[in-house]
Amino acid sequence: LVLSQGEQTICTCTSDRLLIKGAKIVNDDQSFCADIYMEDGLIKQIGENLIVPGGVKTIDAHGRMVMPGGIDVHTRFQMPDRGMTAADDFYQGTRAALAGGTTMIIDHVVPEPGMTLISAFNQWREWADSKACCDYSLHVDITEWHKGVLEEMEALVKDHGVNSFLVYLAYKDVFQLTDSQIYEVFSVIRDLGAIAQVHAENGDIIVEEQRRILELGITGPEGHVLSRPEELEAEAVNRSVTVANQTNCPLYITKVMSKSAADVIAQARKKGTVVYGEPITASLGTDGSHYWSKNWAKAATYVTSPPLSPDPTTPDYLNSLLSCGDLQVTGSAHCTFNTAQRAVGKDDFTLIPEGTNGTEERMSIIWDKCVVTGKMDENQFVAVTSTNAAKIFNLYPRKGRIAVGSDADLVLWDPELTKIISAKSHNLAVEYNIFEGTEVRGSPLVVISQGKIVLEDGNLHTTEGSGRYVTRKPFPDYVYKRIKARSRLAELRGVPRGLYDGPVCEVSVTPKAMTPASSAKTSPAKQPDQPVRNLHQSGFSLSGAQIDDNIPRRNTQRIVAPPGGRTNITSLG
Amino acid sequence: MLSLRLLCNRNVKVCSERLLIKGGRIVNDDQSFYADIYMEDGVIKQIGDNLIVPGGVKTIEADGKMVIPGGIDIHTHLQMPFRGTSTVDDFSQGTKAALAGGTTMIVDHVIPEPGSSLVEAFERWREWADEKACCDYSLHVDITHWNDSIKQEVLSLIKEKGVNSFQVYMAYKDLYQMSNSELYEIFTFLGEHGGIAQVHAENGEIIAEEQNRMLEMGITGPEGHVLSRPEELEAEAVFRAVTIGSQTNCPLYVTRVMSKSAADIISQARKKGNVVFGEPVTASLGTDGTHYWSKNWAKAASFVTSPPLSPDPTTPDYLNTLLASGDLSVVGSAHCTFSVAQKAIGKDDFTQIPEGVNGAEERMSVIWDKAVVTGKMDENMFVAVTSTNAAKILNLYPRKGRIAVGSDSDLVIWDTDATRTITAKTHHSAAEYNVFEGMELRGAPMLVVCQGKIVLEDGNLHATAGTGRFIPCSPYPDFAYKRVKARKQLAILKAVPRGMYDGPVSEFSPMSRGGTPSASTRTSPTKAPARNLYQSGFTLSGPEEAPIRPAGRRIVVPPGGRSNITSLS
């Protein structure tokens, strides 16, 4: 594995040499005791009694766990929203991530409808390059669908190192795509070797429910969750699973917020679907009962979509599914707005900007809820906070593993350290923290990013702009080995039959109860010049594979008995 | 008003036939017992032993055989118009076939052309059926498009015309298919007015894509039909319909459950408490989709129906099991037959093949053979799924679906030992093919009584076209609506009483993002001035009426400083 073709020079870290002694190295598959020597931002040696240059800075781990730095697969730093910008920018956001033990984030590029994907992507690159304190990568959201988008997706995959695209089943009339469009986007994504991410909620029904709730006179944040019941999330997950199966495209559900949605994912996996589920810090750590808080500003802080479930047993349930492997990765969906920004929706919950915090709290929440409770062990913890993400998004083993040659992104984890989460002490720019008052066990003691110590003794030493953009190649093995095998099996064949030569009923021109096969819709996924038929045609004679196939069929046909009588093909038996 | 009309109907049409069935074992959905049945004027007058009946009454000796309520085929498409022609079984031929199989009532689907009037289509169907039907019938009306005037028509059909069930389509893109929003509005409307929402559940959008793909691959035969409509698309649509049904608190009825996956979704939904009924059809209970690969094009085409028969040969057994366990509620036939020449319209393109299979005549025997003979269900459950449950859903119970004093004298003496082989050579349908060809079935009607008259005896059919009466169905069937009403009372939502937010407000541009704009311009027919009805006494943060919000706002500190509401707590 090579470093990204660097606009970002690596000179800043060349001189950084670091030795961790007496560590218990925790990967997703095993734990073992060894020393780790790092140089130039890479892990150079692992073992005992390493021969290292003199004068190297040494950290004594005293047998504590050292694990791969966390990967937060879902952030929305600095996200524009109706002229406002999310309160935590790439600097503030990545600082918070590092403070929590996360050494890489993957942010979402959200092109405003009408904006090209590439220009939006470049915009995000610019923002992040100038501000990010840790390595980052970018998902690109598909917010509209036409031929130009298809070409841009190709360019992003081939030239810009993007291998994941998000589509929205919600946000009607803004981002939402139709089922046909989703089908086409998924087909394109599969051909490009990327991952299809889905924001799963039924936007059509949400609009109806929002209207109903507002008509009932409910305008506060509780209206947000009342208009987005978890059934609508589960429905959309089910629908995207169906489309993904149909198109043989790997699927990734962002923000799994409810039991029902998680159940649909678990069931789909049991049926063999290639699908991944991403619960987030918020859904693992808190619930939606706060929407009924009498403090408007506090209630509004929890507004995110899909909403937090009002069922207080949800976090425990999701943590269990995460532990048993039915859910695989965790993000934070960190997207914060301050109270004044939230107050844009003070009279109408549908206008409240959406998003919760979670990038700083992610690792500790999972440790506290899953490892301390005995749901998962430390290795599974590494898998769901780092390794699985690296595998799905094709960053493995550069990221997500402590191994020779991997990036020197590590965390010295203290399972004993206890802290109380509070807006007073968090590293964020907002007034509220949705985990306010939660006591969590397990915290990073030392965080190393790109071979440099960025957190030590509770102090952050981050450098704005030091984060590098990490490119991701298409066709990640973890995902596509299965997809490729299925593609080979999925070839369909027609039945070789003689020509039907019996009588044919005369019919009028009106289309009947049937979808017209020649849809006038311009679909970017179907290039008319593509000689599809020849690629698949096999040797048998089909009744319909005629030379005049391209000539439109007559709408009216007469009953004809061929000269020389009929063959026997249509007789009973 | 409705009941009055019912009486009139009865008086006009029924003559003074009197009939006594002696020594039968009466089988209802709840119990079986031995008794005699005396009928007069098309109604059951007495049930018991040693009945006192007028002299000279025609008497049938049942010899201990089962007497069951006549079957109700809750889903037929007789005489259905299709591109200028119509299905080969009209109301006469079709109801004859039904009677021959032990079914004494059918419920047909009215399919208005998109854009045309529902009531007019309904009247047209009434005309056709009144003229030809040989047994009682009711009508479902399909909603093929949606706007305010359709809404009024639906209301008048419910209130004045005796229709309580309406079907919507999630397939047939650009023709009958409804969007999710329309489904939501229709379900809301039906839920408020006591109707049953029936759905044809398949994802039409994906089907259209798959059809294009199949045709591009050069697959044009009937196998393309099933390849382009995999059962997942059926299950997906059922799932979506269940979601919308539960959201709108509207009873849901899924027509034509053809696959295991779709049936599974229905059973899961029922376990979660949804009011949902599943209707497998004769074809899905009796045969499978392997025939789409038949080398005989005409045979393969005769199986074309939507959702398609599943190519998984274990499907019929699975569906019979769910029917026996109560997860699926009721069986129709979806009888909709076309001749080979009509099917051949799609000889070069499977998407043009007219859809539908036979099943009205075979329905009762297929279920008896697959479910009762195999010990999956008993005779009482058999009555429930072939007759009683349908009567309850349609709000016709106990007039139909039960042998009781006062009920219509539609009944069947069922011969559990009879065996027959299904074949197109002997069936009563006009179609050249039978999808159950060659199947040997145990259990058949020995005698069928319809409206108090013997219509099948010794294998001979004595049906008269035009004797069938339209049976109006009233809204709010208890079977579905008791639960729906209870839930409605619970579902009242309340806002949180809060002080007004008086802190700073960020400036923002109206360019929408994130939150879905609530002020959608679409005209929604279901929008009602609900606010006053529900508003309670507490202060809301936005109590100003007509909340036309300015697009951009400045951060404002109110004069007199802030109250403490937004501070950290």
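This report describes a predicted model with chains A and B, moving from the chains as wholes to their cores, a cavity and selected residues.

## Chains and annotated domains

Chain A has 573 residues, of which 62% are buried, and its secondary structure comes to 17 helices and 18 strands. Chain B has 569 residues, with 63% of them buried, and contains 17 helices and 18 strands. When contacts with a sequence separation of 6 or more are considered, residues 24 or more positions apart account for 78% of them in chain A, and the corresponding value in chain B is 78%.

According to UniProt, in an unreviewed entry, the feature "domain: Amidohydrolase-related" is placed at residues 65-454 of chain A. In the model this span is 39% helix and 19% strand, and its end C-alpha atoms lie 17 Å apart. For chain B, the UniProt annotation "domain: Amidohydrolase-related", again from an unreviewed entry, covers residues 66-455; here the end C-alpha atoms are 17 Å apart, and helix makes up 39% and strand 19% of the span.

## Nonpolar cores

The largest nonpolar core has 258 residues, and those with the most contacts inside it are A:Met153, A:Phe165, A:Phe186, B:Ile143, B:Val154 and B:Phe187. The element that gives the most to this core is helix H8 of chain B, residues 231-248, with eight residues. A second, separate core of 19 residues includes B:Val330, B:Ala390, B:Ile393 and B:Leu394.

The surroundings of A:Met153 can be listed in detail: leaving out residues up to four places away in sequence, A:Met153 touches A:Leu117, A:Ile142, A:Trp145, A:Phe165, A:Val185, A:Val188, A:Ile189 and A:Leu192. One of these partners, A:Phe165, is itself named among the residues with the most contacts inside the largest core.

## The second largest cavity

A search of the whole structure finds nine cavities of 30 Å³ or more. The second largest of them holds about 100 Å³ of space. This cavity is lined by 15 residues, and the closest to its centre are B:Ser302, B:Phe338, B:Lys343, B:Ala431 and B:Tyr433. The elements that give two or more residues to the lining are helix H11 (297-302) and helix H13 (340-343) of chain B. By residue class, the lining of the second largest cavity divides into eight nonpolar, five polar and two charged residues.

## A covered helix and a buried histidine

Helix H14 of chain B, residues 363-372, is mostly covered, with nine of its 10 residues buried. The buried residues of this helix are B:Arg363, B:Met364, B:Ser365, B:Val366, B:Ile367, B:Trp368, B:Asp369, B:Ala371 and B:Val372.

B:His140 lies in strand E10 (residues 136-142) of chain B, and this residue counts as buried because its relative accessibility is 0%. Leaving aside neighbours within four places in sequence, B:His140 is in contact with B:Ile74, B:Val107, B:Asp108, B:His109, B:Val110, B:Ser165, B:Gln198 and B:Leu394. The C-alpha atoms of B:His140 and B:Gln167 are separated by 7.1 Å, although the two residues are 27 residues apart along the chain. Among the contacts of B:His140 is B:Leu394, a residue that also belongs to the separate core of 19 residues.

## Backbone exceptions

Most residues other than glycine have a negative phi, and most peptide bonds are trans. Against this background, B:Ser306 and B:Pro307 are joined by a cis peptide bond with omega of about -10°, and B:Pro307 is in the loop between H11 and helix H12 (315-325) of chain B. Another cis peptide bond joins B:Tyr397 and B:Pro398, with omega of about 0°; B:Pro398 is placed in the loop between helix H15 (379-393) and strand E15 (411-421) of chain B.

Positive phi values are found at A:Tyr171, where phi is near 60°, and at B:Asp63, where phi is about 55°; neither residue is a glycine. A:Tyr171 lies in the loop between strand E11 (164-168) and helix H5 (179-192) of chain A, and counts as buried because its relative accessibility is 4%. B:Asp63 is in the loop between strand E4 (58-61) and strand E5 (66-69) of chain B, and with a relative accessibility of 64% this residue counts as exposed.

Note on methods:
Residues numbered from 1 in each chain as written. Chains lettered and ligands numbered in written order. Predicted model: local features only at pLDDT ≥ 70, side-chain atom pairs only at ≥ 80, totals over all residues. Heavy atoms only, no water. UniProt positions renumbered as here; feature names shortened; annotations may be inferred. Helix = DSSP H or I, 4+ residues; strand = E, 2+ residues; numbered from the N terminus. 1 Å grid on protein atoms, 1.4 Å probe; cavity = no way out; pocket = protein on both sides within 12 Å on 5 of 7 lines; lining within 4 Å. Points joined across faces, edges and corners; volume = space filled by probe spheres on them. Nonpolar A, V, L, I, M, F, W, Y, C, P; charged D, E, K, R; others polar. Core = buried A, V, L, I, M, F, W, Y, C linked by side-chain atoms within 4.5 Å. Buried < 20%, exposed > 50% of the residue type's maximum accessible area, 1.4 Å probe, protein only. Contact = heavy atoms within 4.5 Å.
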